[in-house]
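Could you walk me through this protein? I'm new to it, so some questions and answers would help.

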Amino acid sequence: MSAAATIPAMPRPRIETRLCRLLGIQHPIVLAGMPGIAGPELTAAVSNAGGLGMLAVHAHMPDELRALIRLTRELTDKPFGVYVALPDSRTREMPRQGKRARLPADELVDCLEFAESFMEQHGLELQDESGPPGAIPLCTRAFLEAHVQVVIEEHVPVFSVGLGTPLPDLEALHDHGILVIAPAGTVRDAVRLATAGVDVVVAQGHEAGGPNAPVGTLPLVPQVVDALGPRLPVLAGGGIGDGRGVAAALMLGAEGAWIGTAFLAAREARLPDFQRCALIGAGDDSTVVTRSITGQPLRTLRSRWTDTWERTEFEPLAAPYQARISGPVLAAALNSGRADVHPGTAGAAAGLIRSIRPTGDILADLVSGARAALDQSFDVGAHPTPLAQQLRRIPS
Ligand SMILES: Cc1cc2nc3c(=O)[nH]c(=O)nc-3n(C[C@H](O)[C@H](O)[C@H](O)COP(=O)(O)O)c2cc1C
């Protein structure tokens with residue numbers, strides 16, 4: 001008999017919550033929406049590893065979304081979701097089609113001049129940014145509903161939107177058995193989403209990468225859990241970078257974790273190599289909340305662009321105009337692999353990332369790390385942690 005045959009296989013650690021049963025997944029880990037990063041490869045890899053992958057789109061046309069969904073299906077037979085974030089609609093109310101925010105003409109010209117001189121100073125060349133012909137204008141209800149229609153036709157089981165992206169027609173989604181996950185940055189937004197009929201609320205804290213919410217994850221999650229009561233499962237998002245973070249989320253009353261930044265380190269993520277290097281090199285203070293990119297607060301890796309903008313006297317323009325200023329700068333930096341100008345969007349958990357790894361390994365570590373942290377916290381006698389040892393030395 002071989003040695004391998006005599007060693008019984010170790011059971012794989014499991015953490016099952018109501019969310020797992022609801023979504024038909026093994027582990028309560030959901031890939032957060034990251035347009036441009038979470039394509040079919042990462043989505044399928046998360047689902048294949050037992051979490052819920054989330055195929056994320058923003059400036060994609062509906063037919064592109066359909067093609068991406070089909071590609072994802074070729075890579076996994078497990079459930080996954082579709083996440084839509086409208087890049088130019090980070091306000092609560094979506095402008096009606098045809099109605100435009102007022103153009104801040106003078107400021108726009110000054111800011112464009114600033115961006116041009118920044119590019120010149122840093123040796124960046126303007127890219128050709130012409131979009132596809134006949135595109136549906138972004139920032140309209142028609143655009144969002146066109147995506148929803150594709151999700152329904154393709155029988156995707158879960159739909160989600162970005163922070164601030166308005167909810168589509170939930171009845172149409174529910175009629176087709178599709179569950180809706182939506183992020184909230186405040187208790188008031190969480191209650192509004194629950195009242196509107198979403199199935200799972202993400203309590204997304206200040207530490208998250210991307211559009212920024214004001215309250216930290218640690219205080220936000222239990223407040224959202226308390227406000228919603230047991231009727232809706234809550235996912236905790238923002239700053240969860242390893243298994244200890246997942247365990248903390250569960251101890252705060254969440255039923256799972258909504259994780260973006262930690263999956264940026266996945267081999268399957270669509271991240272250029274120079275941004276991978278920037279991510280691995282990031283420390284605890286490498287991210288910043290800035291309005292220099294979209295006009296709205298956004299957490300990203302600090303760069304020459306964010307630092308230089310902070311030193312100017314300019315107020316960032318309202319969305320969508322600020323993106324017209326920063327867009328060409330970031331596109332040029334992306335094209336020439338300039339991590340000093342465009343290291344990429346990431347949350348505060350970037351400091352926990354040490355290497356690029358297969359998605360399956362990242363997810364397995366999140367689960368086993370959470371299991372170990374939960375076991376230790378419930379059974380300090382069996383696994384004496386430094387804290388438990390200290391506590392034992394303090395006379396009661
Ligand atoms: C690279 C990246 C891109 C993101 N893009 C968006 C976006 O376009 N819209 C949005 O609402 N949230 C966006 N987010 C936020 C995520 O959906 C999620 O809330 C966040 O990643 C969770 O926190 P974590 O990054 O600390 O894990 C992005 C996050 C990252 C890291």
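What follows is a short chat about the fold, the core and the ligand shell.

This is a predicted model, where local features need pLDDT of at least 70, side-chain atom pairs count only at pLDDT 80 or more, and totals for chains, interfaces and linings use all residues. Residues are numbered from 1 along each chain as its sequence is written.

Me: How many helices and strands are there in the protein?
Reply: Let's count DSSP runs, numbered from the N terminus: helices are H or I with at least four residues, strands are E with at least two. On that basis the protein has eleven strands and 16 helices.

Me: What is the strand order in the open sheet of eight strands?
Reply: Two strands pair if DSSP finds at least two bridges between them. The pairing in this sheet is parallel, and β1 (29-31) and β2 (53-57) are the edge strands, each pairing on one side only. The order is β1-β9-β8-β6-β5-β4-β3-β2.

Me: In β9, which residue is the bridge partner of G237?
Reply: Strand β8 (residues 234-237) and strand β9 (residues 256-259) pair in the parallel sense over three bridges. The partner of G237 in β9 is W258.

Me: Which helix gives the most to the largest nonpolar core?
Reply: A nonpolar core is a set of buried Ala, Val, Leu, Ile, Met, Phe, Trp, Tyr and Cys residues joined through C-beta atoms within 7 Å. Buried means that 20 or more other C-beta atoms, placed from the backbone, lie within 10 Å of a residue's own (exposed is 12 or fewer, partly exposed in between). This core has 95 residues, of which V201, A203 and F263 touch the most other members. With six residues, the helix that gives the most is α15 (residues 359-378).

Me: How many residues are in the other core, the one with W305?
Reply: This core lies apart from the largest one, and its members include A115, L317 and A332. Its size is 13 residues.

Me: How many residues of the shell around the ligand are charged?
Reply: The shell has 29 residues, with G162, G209, G210, G260 and G347 coming nearest (near means a C-beta atom, placed from the backbone, within 6 Å). Ala, Val, Leu, Ile, Met, Phe, Trp, Tyr, Cys and Pro count as nonpolar, Asp, Glu, Lys and Arg as charged, and the others, Gly among them, as polar. The shell divides into 15 nonpolar, 13 polar and, for charged, one.
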